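Here is a friendly walk through one protein model, with a look at its strands, a helix residue and the empty space inside. Have the coordinates open as you read.

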Amino acid sequence: HRSISSPPQKFFQVPTPLPTCYSFDCMTMNGSSSSASSSTAPDPAQITWEWLFANTSLHAAGLLDQTSEVSQRGFGEGTDDGEAGVNSSVSILTIRGSRGSTSFIVKRCSKTASHDVACTQRWYERESGFYNHFSERFAPDRNAGENEGPLVVPRSYHSQKKPIGENGEGFLLILEKLKGPEWRTLDFEAGCPRDEAFACIRSLGKFHGYFYSEKGMKDLEATSSWLPQTPIRLELADMVQDYYCDAWQQFQKVAPQELLTPQLRSLCEPLRKFYAVLVKRMAQGPSTLVHGDFRLENLRFRHLGQRAETIQVAAFDWQFSSRARGAYDLAYFMGLGLTPRVRAREQDRLKSEYISSVTAAAGESAGALLTQVSNDLEADLCVAILLILASFIIGAATAPDASQAMHWTSIQRISQTALDWQAAGVLPVSEVPSTGAFAKTEAAELPGSPIPHSKL
């Protein structure tokens, strides 16, 4: 979901601004950074020592004192920056003082081509709300014990006091920078190693499980004014489905013929009619807080000890956070973060580890809810992987040439995952072409009813 532009109108005649986070270059992994010249006028105009002292918690944290010097540079102008999306203007803030030098990530509203989409989807409001509500609870040093805790997030040092404007006015984040060599990135092409994969699933399960606990459910209820249902916003599901129909037609014109197999068509064609049905399934309870873009490029890993159980996992870029079934994040990681060989070998154990971690974090009071989460997991993973496939089809239809190869690789991984899981079984049989790829199942019921998963 790394946005680069709204789709060219010569490709799609759809309402503007494009009403969904799916105007993106899904896999721009080399990370073209957003320069300051492409952003709106910063708020404040210039980050100074005085402003930081008055408006952030840096002084209280001991990171800003009277001897500190403050400087900023564009993202990517130094080393070890990683990658920057283009949904926000990103820069590096450095504070040099008596305790040494510390760097932070500064995110602002960006006037790129994806700006209208970001505002329609309320990405700025979501990310600001997430860090305001949860950065302290899930900060990296909160659970740094003998064993890894739940998924952690960068600490936020600027609390958003005023509402985010309709055009992103007032959006400003100052975040802890998770940098190497302590925090490591992992390569998409190589996939996530086994130990890191299990650590990631455990951490994700504990994170999701917290929001099934009595305390976590109260925290989730408090987000209802800014946190939507599903990453694309449930109320826009039908409009996104219309957009997907146009994107699928364009994709078939630009994709390599070897990618357009009967199996891929059997997955993608039914989504022209049933995409919105699957979105509504993801919005049905039991819901947790999902990241919405849970792939290796948005994760960092660090070892707290010598054992595999002491790998801590951090996630950033929370602009697609939402309330949905946790299987969405799990399918995203398993479908994209693992090579097909590793996934096929480890997926049953990973699913079991996820359920165990969710259960441990939620507690005994969530017993009936957890039974439903466990019973529905296989079907939910199928629903989720089809939705993720649709998002990458849309991305590939409008992506620049430089990132197309990565799109093809991603679609191959996702579609292979969907085929291995027989994900088309959650769709009505009459809409699935007979390719020999799937076992036929009972027809799905109408929207709003549980999707059958008797085959599972």
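Two strands count as paired if DSSP finds at least two bridges between them. The model you see is predicted, and strand pairing is a good place to begin.

Strand β2 (residues 88-97) has a partner in β1 and another in β3, as the table shows.

| Strand pair | Sense | Bridges |
|---|---|---|
| β1 (residues 69-74) and β2 | antiparallel | six bridges |
| β2 and β3 (residues 100-109) | antiparallel | 10 bridges |

To place these pairings in your viewer, start from V70, whose bridge partner in β2 is I95. Then look at L93, which stands opposite F104 in β3. A hairpin of two residues links β2 to β3.

Is β2 largely enclosed or open? Eight of its 10 residues are buried, so the rest of the structure largely encloses this strand.

A contrasting spot is K273, a residue of helix α8 (residues 271-283). K273 counts as exposed because its relative accessible area is 51%, and the cut-off for exposed is over 50%. Its C-alpha atom lies 8.8 Å from that of D242, although the two are 31 residues apart along the chain.

Now for the empty space. Searching the whole structure turns up five cavities of 30 Å³ or more, and the largest has a volume of about 70 Å³. Among the residues lining the largest cavity are Y212, R325, Y354 and D380. Helix α11 (residues 367-398) supplies the largest share of that lining, with five residues. By character, the lining comprises six nonpolar, two polar and three charged residues.

Key
Residues are numbered from 1 along each chain as its sequence is written. This is a predicted model: local features need pLDDT of at least 70, side-chain atom pairs count only at pLDDT 80 or more; totals for chains, interfaces and linings use all residues. Side-chain values use heavy atoms; hydrogens and water are left out. Helices (H or I, at least four residues) and strands (E, at least two) are DSSP runs, numbered from the N terminus. Buried means under 20% relative accessible area, exposed over 50%, partly exposed in between (1.4 Å probe, protein chains only). On a 1 Å grid over the protein atoms alone, a cavity is a set of points where a 1.4 Å probe fits but cannot get out, and a pocket is an open set with protein on both sides within 12 Å along at least five of seven lines; lining residues have an atom within 4 Å of a point. Grid points are joined across faces, edges and corners, and a volume is the space filled by probe spheres set on the points. Ala, Val, Leu, Ile, Met, Phe, Trp, Tyr, Cys and Pro count as nonpolar, Asp, Glu, Lys and Arg as charged, and the others, Gly among them, as polar.
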